[in-house]
Amino acid sequence: IINLYFEKETNRLWACTRDFGLFMFELNDDSEIISQIRYFLSSNKNEQLNSNHVWAVTQSNSGKLWIGTDAGLNSITHNKGKIEIENFNHIGQLRNIKILSIVENNNILWLATSNGIIKFNPETNAINHFSYKDGISSNSLIETSQTDDYGTIYFGSINGITYFY
């Protein structure tokens, strides 16, 4: 397991793994697992992640889950009991890029990658890419990022911390 994310509202625990995809565990009030679902790269093209190496998962304000993998960005939406999985490989700058962590701020996704930071607007598909030349501490980011109550975003890298408002 590489990373964990807990959904308080639904009592779901999401586990990112190195080779086995993404697991969703439904927990009861005593934190015991009552069911699990695995999302992974499979032959079913309509309901799969784009890689079994999952680095990051976070939930947006709208309730959509965003998943970062070795092969790019995915989303999972729960819609009337049905689960919809979408990958964003149709967007050139998100295709086959390792996404290590994800932060949402004002409906914008900030993606830590192995080659800098990507600012992605899911509504318009607009992308901005930031690298060492733009002032971040390193193009090699790591698996952690956070935002604080004031809107400052923090990214860890192999050369320290980059933060901005």
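Trp14 has a relative accessibility of 0% and therefore counts as buried. The model that shows this is a predicted one, and Trp14 is a convenient place to enter it.

Trp14 forms an aromatic pair with Tyr39. A pair of aromatic rings is described by the distance of the centres and the angle of the planes. For Trp14 and Tyr39 the centres are 5.8 Å apart and the planes stand at 25° to each other. Planes under 30 degrees apart count as stacked, so the pair of Trp14 and Tyr39 is a stacked one. Tyr39 is buried as well: its relative accessible area is 5%, and the limit for buried is under 20%. The two residues come from distant parts of the chain, 25 residues apart. Trp14 belongs to strand β2, which covers residues 12-16, while Tyr39 belongs to strand β4, which covers residues 33-39.

The aromatic pairs in the model number eight. Ring pairs also join Trp110, Phe130, Phe155 and Phe164 into a cluster. Another kind of ring contact involves Arg38, which lies over the face of Phe40 at 4.1 Å from the ring centre.

The strands come next. One open sheet has four strands in the order β5-β6-β7-β8, and their pairing is antiparallel. Its edge strands are β5, residues 54-59, and β8, residues 82-87, each of which pairs on one side only. From one strand to the next, the twist in this sheet averages 20°. Inside the sheet, strand β6 (residues 65-69) and strand β7 (residues 72-79) run antiparallel and are paired over five bridges. Within this pairing, Ile67 has Asn74 of β7 opposite.

Another open sheet of four strands follows the order β9-β10-β11-β12, again with antiparallel pairing. Here β9 (99-105) and β12 (126-130) are at the edges; each has a single partner strand, so one side of each is left without a neighbour in the sheet. The twist from one strand to the next averages 20° in this sheet. Strand β10, residues 108-113, pairs with strand β11, residues 116-121, in the antiparallel sense over five bridges. Leu111 has Ile118 in β11 as its bridge partner.

The aromatic cluster can be placed against these strands. Trp110, one of its members, lies within the range of β10, residues 108-113. Phe130, also in the cluster, falls in the edge strand β12 (126-130).

Conventions:
Residues are numbered from 1 along each chain as its sequence is written. This is a predicted model: local features need pLDDT of at least 70, side-chain atom pairs count only at pLDDT 80 or more; totals for chains, interfaces and linings use all residues. Side-chain values use heavy atoms; hydrogens and water are left out. Rings of Phe, Tyr and Trp (its six-membered ring) pair if their centres lie within 6.5 Å; planes under 30 degrees apart count as stacked, over 60 as edge-to-face and the rest as tilted. Buried means under 20% relative accessible area, exposed over 50%, partly exposed in between (1.4 Å probe, protein chains only). A charge sits over a ring if NZ of Lys or CZ of Arg is within 6 Å of the ring centre and within 35 degrees of the ring normal. Two strands pair if DSSP finds at least two bridges between them. Axes are lines fitted to C-alpha atoms, for helices over the stretch in contact, and angles run from 0 to 180 degrees between N-to-C directions.
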